[in-house]
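Colleague: I'm new to reading structures, and I'd love a close look at a single part of this one. Could you walk me through it slowly, and then show me what else is worth seeing?

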Amino acid sequence: MRLSVPGPRSLAGQLFAMQAVLIAVVVAGYALFSYVSDRSQAEEAATRQARAVARSVADSPSVLAATRTADPSAELQPYALKVMRDTEVDFVTIMDPRGIRWTHPDPDQIGQTFQGHTEKALRGQTFTETYTGTLGPSVRAVTPIQDGPRVVGMVSAGIRVEEITQRVQDQLTALLGVAAGALVLGAVGTYVINARLRRHTHGMNAAELSRMHDYHQAALHAVREGLLMLDGQYRVALINDGGRELLGVAGDVVGRSVAELGLPAPLTGALLASEPRVDEVHLTASRVLVINTSPVSGGERRGTVVTLRDVTELQSLMGELDSERGFTQALRSQAHEAANRLHTVVSLIELGRAEEAVEFATAELELAQALTDQVVAAVSEPVLAALLLGKTAQANERGVELMVSEDSSLDDGLLPETLPARDLVTILGNLIDNAVDAAQGSVGARVTVAAYTQGCDDAPELVLRVSDTGPGVDPEHAEAVFQRGFSTKPAGPGGRGLGLALVRQTSQRHGGSLTVAEADGGGAEFEVRLPLRESGTAAEDVTSQVAAARGAGGDA
């Protein structure tokens, strides 16, 4: 037969067993204490009772008178039996000074010698003792019967020890009954409480709970995504390392309200919302976050679980992808136009108009080269130049003229390594896209871009300015346009209102600023100013290049 070893009891079961044992030990200890205490009290009470009965009999005048008769037993035996019944003692023995019994519960013992000590009584003293006589062990009192100073007899009254024990046992039985009731009541209460505890712990024992806590802590620190748990009052109950990093909070934030963390207002509002949020994009000072919130409820709102994902790099790559997609569309359109022009050239040659074909082809080449020369002459920084060329072709396809202002001057190698090309594409690309959208459909639709450096030698800065001929920005919305979600255009599949918010975020990350004003010819003018500061030799190189550009007339 295979023996099965029981597994570890659940935490609730262990608590129930411990409490049951504790109650049993307390009840047993109290019962033992009560038994000892009650027995001692019962013996003391029996001693007092025997002493009182013996003194009462010895002081009775009828007893003294009977001792003077020729046959004291004839009068004293009925009297002694009556006293026994009335006082509930086990025996009342009256004897002469020699200890010869005149009375006894057993008539056969009358005339026999009293078994016990009588010396103190013969000296006129009353005393008590526990002695084993004809009726067994008993607690007895012995007192003299005096006729003046002379002792003419003695009285002994007692209660058997067995009777005392029976009294104590009766009390102990009642006590055990009460204790058993208390134990049952305590066990039922303990079981009810532990049943509730079992539901809360899902029947797991202490080892399983400890192991789950270890797994919980390891998982919190292992996941790269941010995890934030809020209680019913929207205070931080738990936050992992990823959550601290993504939200940019430090120190002990557990127990603090979400509103006290210093997060952007839209993000704070999303965390405080009672309804769940799914894949919402929010901006912090340096990151683009996707948040999901899920309320925790069990009949009442208990809190919110928030997950955070960093999509800053993904959003940047999506912006670059959008730009590349725009470039591709522009190239496709240009290829279509180039094919039309090539067919025109071929047709002119077939018609024998070779000179006109050469003039037509040369004019198209000169126009494209002039556009390239204009952009490169103004902005020789390769990333910005390529972006402007691509955006120019893209804008032309939408009926918008994109121009590079004459005061633009940005040489190759002027920008420090701390200002990566990806951030420049994010800033200028989003500004141009918004400007083209605003200018499209207007009379003389045009977007003007300026890029140059200015400022003193100790604090040079890069200025990027984009203006359009669109309807402009309402002064009341001058700050709101930079908030995520704000847009005057219809919402598309990917949502609106993120471009300018990304521009501001990128600018602030590099210590720059973004402002909007009314352009000279109407429309809106957005300006970004980025400091060109680096340490050591790099800073000196940037300063010298800016000074050279200013000497060449490039400073605006």
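Modeller: Happy to! Let's start with the second largest cavity, which has a volume of about 40 Å³. Keep in mind that this is a predicted model.

Which residues line this second largest cavity? They are Lys-391, Gln-394, Ala-395, Arg-398, Ile-432, Asp-433 and Val-436. Two helices matter here: helix 11 (382–397) and helix 12 (421–439) each supply at least two residues of that lining. By character, the lining residues divide into 3 nonpolar, 1 polar and 3 charged.

Now stay with Arg-398, one of the lining residues. Arg-398 forms a salt bridge with Asp-437, and the closest N and O atoms are 2.5 Å apart. This pair links distant parts of the chain: Asp-437 sits in helix 12, while Arg-398 sits in the loop between helix 11 and strand 10 (401–404), 39 residues apart. Are the two partners buried or exposed? Asp-437 is partly exposed, because its relative accessible area is 25%. Arg-398 also counts as partly exposed, at 31%.

As background, side chains of opposite charge can pair when their charged atoms come close. How many salt bridges are there in this model? The count comes to 16. Another of them joins the side chains of Arg-309 and Asp-279, at 2.9 Å from N to O. Arg-309 lies in strand 9 (residues 301–310) and Asp-279 in strand 7 (residues 277–283), so this pair ties together parts that are 30 residues apart in sequence. Arg-309 counts as partly exposed at 37% relative accessibility, and Asp-279 counts as partly exposed at 43%.

Asp-96 and Arg-98 make a salt bridge too, with their closest N and O atoms 3.1 Å apart. Here the two partners sit in contrasting surroundings: Asp-96 is buried, with a relative accessible area of 6%, whereas Arg-98 is exposed, with 69%.

Let's compare this with the other cavity. A search of the whole structure finds 2 cavities of 30 Å³ or more, and the largest has a volume of about 120 Å³. Of the 13 residues that line the largest cavity, the closest to its centre are Phe-91, His-104, Gly-133, Thr-134 and Arg-140. Strand 1 and strand 3 (136–147) each supply at least two residues of this lining, and the largest share, 3 residues, comes from strand 3. This lining divides into 4 nonpolar, 7 polar and 2 charged residues.

Those strands lead us to a sheet. In it, 4 strands form an open sheet in the order 1-4-3-2, with antiparallel pairing. Its edge strands are strand 1 (91–95) and strand 2 (127–133), each of which pairs on one side only. From one strand to the next, the twist averages 30°. Strand 1 pairs with strand 4 (residues 150–160) in the antiparallel sense over 5 bridges, and you can find Thr-93 standing opposite Ser-156 in strand 4.

One last stop is helix 13 (residues 499–509). Of its 11 residues, 9 are buried, so helix 13 is largely enclosed by the rest of the structure. Among the buried ones are Leu-500, Val-503 and Arg-504. After helix 13 comes Gly-511, whose phi is positive, near 75°.

How values were computed:
Residues are numbered from 1 along each chain as its sequence is written. This is a predicted model: local features need pLDDT of at least 70, side-chain atom pairs count only at pLDDT 80 or more; totals for chains, interfaces and linings use all residues. Side-chain values use heavy atoms; hydrogens and water are left out. Two strands pair if DSSP finds at least two bridges between them. Axes are lines fitted to C-alpha atoms, for helices over the stretch in contact, and angles run from 0 to 180 degrees between N-to-C directions. Buried means under 20% relative accessible area, exposed over 50%, partly exposed in between (1.4 Å probe, protein chains only). On a 1 Å grid over the protein atoms alone, a cavity is a set of points where a 1.4 Å probe fits but cannot get out, and a pocket is an open set with protein on both sides within 12 Å along at least five of seven lines; lining residues have an atom within 4 Å of a point. Grid points are joined across faces, edges and corners, and a volume is the space filled by probe spheres set on the points. Ala, Val, Leu, Ile, Met, Phe, Trp, Tyr, Cys and Pro count as nonpolar, Asp, Glu, Lys and Arg as charged, and the others, Gly among them, as polar. A salt bridge is a side-chain nitrogen of Lys or Arg within 4 Å of a carboxyl oxygen of Asp or Glu.
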